[in-house]
Each structure stands twice: as structure tokens, then as C-alpha cells.
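Colleague: I have a few questions about how you label things in this model. Could we go through them one at a time?

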Amino acid sequence: MNRKKPYTGIITVIYAAVVAATVLLLTMLGFSENLPRFVITLIAVLIAESVIFGYTLFWLKRAGSVSGTPPILISGAFIIAVYAVAVVISAVFLDRLLGLPSFWYAAVQLLILAAAGGCLALIGLYGWNAGAQEHKEQQATRSLFRQRKELAEIKRAARSWRHAEAETLVKRIGRVEEAFTYSDPVSSPSLFATEDMLSQQIALLRDQVELLLSSSEPGKGWEAQLQGIIGDIEATLQRRNRELAALK
């Protein structure tokens, strides 16, 4: 059962009640004496209330998908709160107290709406970029652990090789596995190309080991070919470590 649905229904009912109360309150307070400014005030306040309503539903949706409260959400809530207060204050002072002409009054309300929308867009863009970068970092970190796992699986497969050189094969793969163990798991999006190359080279090593296991007698030069693949992996891993060290 989705526990968010009852809250969504309650928030919707509250929103509908606030909209009805807003229309009634503006009429009772005399805002309707000047019809153009009344319409502008009503639209501005209803837009502010709708934005709060929509952001509340968005917050409720995001609350269950992330741990803790992201600063981006808090910043967005702050911007919306300031926007709503600015709309109310402008309605009281520019409409009721100063009686600003309808054209300029509407221009001020549009300016407030545009400023709030621009701030929200900037916050949203920053949050999207930050989230995308964090996702890339997580993907890169997971790729290193996946590579370690693949090497462990290749080493286990090498142990089953029924050949006099099986022990040598296992030792050489174990040396590469050990190098990965001491490599920093923390990564960066700028290392994606290097880590992708590592994955390709490990896949090539897996293919070479599977080829050895499938043949009763390995062909000539298999050791040099295997050593070449292992050397490429070690060189790429060292390159990754240097690139990562340069970023710190």
C-alpha cells in the first residue's frame, strides 16, 4: 500500500480550502473595489498558492526516494516561501495602500513571478548537474569493484586449468588482482575513459583464459600473449592511479 496517497489527498483538500478562503478573504477585505487590480491580486495569490501546493507534492514524492533532506529541496522551499511572502506584501502595499495603476501593479507581480521562477530554475539546474556528477562518480566507483570481482572470477577459473603451467597462470592473475586491491576505489568522472579501457582489457584477459581452458594444449607464444594483456592492464591501472592522484 502506498502511504503517500492519503497525504496527497489531505494536501489537495487543504489546497482547495485555501483557494476558496483566498477568494472569500480578498472580497471581504475590499480588494474587489477595483476590478482589474482585484483580478491581478487574485491571480498572483492563487499562482503562489498553486506553486506551494505543487512543491509540497514534489517534496512528498522525493522524500521517499532519498535519504535525508537534500539542500536543493530546502533551497527551493526557501525561494518559494520568499516568493509567496513577496506576493502578499506587494498585494497589501501596492494594491490596498498605494493603489498602484493596474498596468504597473501587474508588471510588479510578473517581475516577482519571473524572479522566483528564475531562481528555482537555477537551483534545479544546479541540483541536476550535481546529481549527474554524483551518479557518474558512483558508477565509476562501482566499476572498479566490478573489475576486482571479474579478476577474482578469472583467477578461480584459472585454478581449474589442467596443465603444468596452471600455477604460473594463477600467480600472474593474482598479481594483477593484488594491484587492484591496493588501488584507490574513490573515482572521478574524468577517469571514465581510463576505467572503461580497464574493463575492456579485463574482458580480453577473460577471453584468453577461457581459450586456454578450452584447449588441451596451449599454442606457442601463449605466455607472451598473456603477459602482454596483463602488462596492458597494469599500465592502464597505473595510469588511472596517476590521474586520480593529480585530481587530489
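Colleague: What makes the pair Glu153 and Arg206 a salt bridge?

Modeller: First, please keep in mind that this is a predicted model. The closest N and O atoms of Glu153 and Arg206 are 3.2 Å apart, and the cut-off is a side-chain nitrogen of Lys or Arg within 4 Å of a carboxyl oxygen of Asp or Glu. The pair therefore counts as a salt bridge. Glu153 lies in helix α4 and Arg206 in helix α6, so the bridge ties together parts that are 53 residues apart in sequence.

Colleague: Why is Glu153 called partly exposed?

Modeller: Buried means under 20% relative accessible area and exposed means over 50%. Glu153 has 28% relative accessibility, so it falls in between. Its partner Arg206, with a relative accessible area of 26%, is partly exposed too.

Colleague: How many salt bridges does a search of the whole structure find?

Modeller: The search finds seven. One of them joins Arg175 and Glu234, with the closest N and O atoms 3.0 Å apart. This pair links distant parts of the chain, as Arg175 is in helix α5 and Glu234 in helix α7, 59 residues apart. Arg175 is partly exposed at 38%, and Glu234 is partly exposed at 21%.

Colleague: Where do Glu243 and Arg239 lie?

Modeller: Both are in helix α7, four residues apart, which is about one turn of the helix. Their side chains meet in a salt bridge of 3.1 Å, N to O. Glu243 has 25% relative accessibility and counts as partly exposed; Arg239 has 35% and also counts as partly exposed.

Colleague: What makes the meeting of the Lys155 and Glu177 side chains a polar contact?

Modeller: The distance is 3.4 Å, and the limit for a pair of N or O atoms is 3.5 Å. Lys155 sits in helix α4. Leaving aside its neighbours within four places in sequence, Lys155 is in contact with Val170, Ile173, Gly174 and Glu177.

Colleague: Is Thr236 buried or exposed, and how do you know?

Modeller: Thr236 has a relative accessible area of 6%. Buried means under 20%, so Thr236 is buried. Thr236 is found in helix α7, and beyond its neighbours within four places in sequence it is in contact with Thr194, Met197, Leu198 and Gln201. Thr236 and Glu195 are 41 residues apart in sequence, yet 8.2 Å apart in space, C-alpha to C-alpha.

Colleague: Which residues touch the most other members of the largest nonpolar core?

Modeller: Those are Leu169, Phe180, Leu205 and Ile233, out of 22 residues in that core. Helices α4, α5, α6 and α7 each supply at least two residues of it. A second, separate core has eight residues, including Ala44, Val87, Ile112 and Ala116. In soluble globular proteins, nonpolar side chains tend to be buried together.

Colleague: Why is Val85 not called buried?

Modeller: Val85 has 48% relative accessibility, and buried needs under 20%, so it counts as partly exposed. Val85 is in helix α3. Together with Val88, Ile89, Val92, Phe93, Leu97 and Leu98, Val85 makes a nonpolar surface patch of about 650 Å².

Colleague: And what does the chain look like overall?

Modeller: It has seven helices and zero strands. Of its 248 residues, 30% count as buried. The chain exposes about 15,100 Å², and carbon and sulfur atoms supply 66% of that.

Terms used: Residues are numbered from 1 along each chain as its sequence is written. This is a predicted model: local features need pLDDT of at least 70, side-chain atom pairs count only at pLDDT 80 or more; totals for chains, interfaces and linings use all residues. Side-chain values use heavy atoms; hydrogens and water are left out. Buried means under 20% relative accessible area, exposed over 50%, partly exposed in between (1.4 Å probe, protein chains only). Contact means heavy atoms within 4.5 Å. Patches are made of residues with over 30% relative accessible area and no salt bridge: like charges are joined within 9 Å, nonpolar side chains (Val, Leu, Ile, Met, Phe, Trp, Tyr) within 5 Å. Accessible areas come from the Shrake-Rupley method with a 1.4 Å probe; for residues, only the protein chains shown count as cover. A polar contact is a pair of N or O atoms within 3.5 Å; within protein, one must be able to donate a hydrogen and the other to accept it, and residues adjacent in sequence count only if both atoms are side-chain atoms. A nonpolar core is a set of buried Ala, Val, Leu, Ile, Met, Phe, Trp, Tyr and Cys residues joined through side-chain atoms within 4.5 Å.
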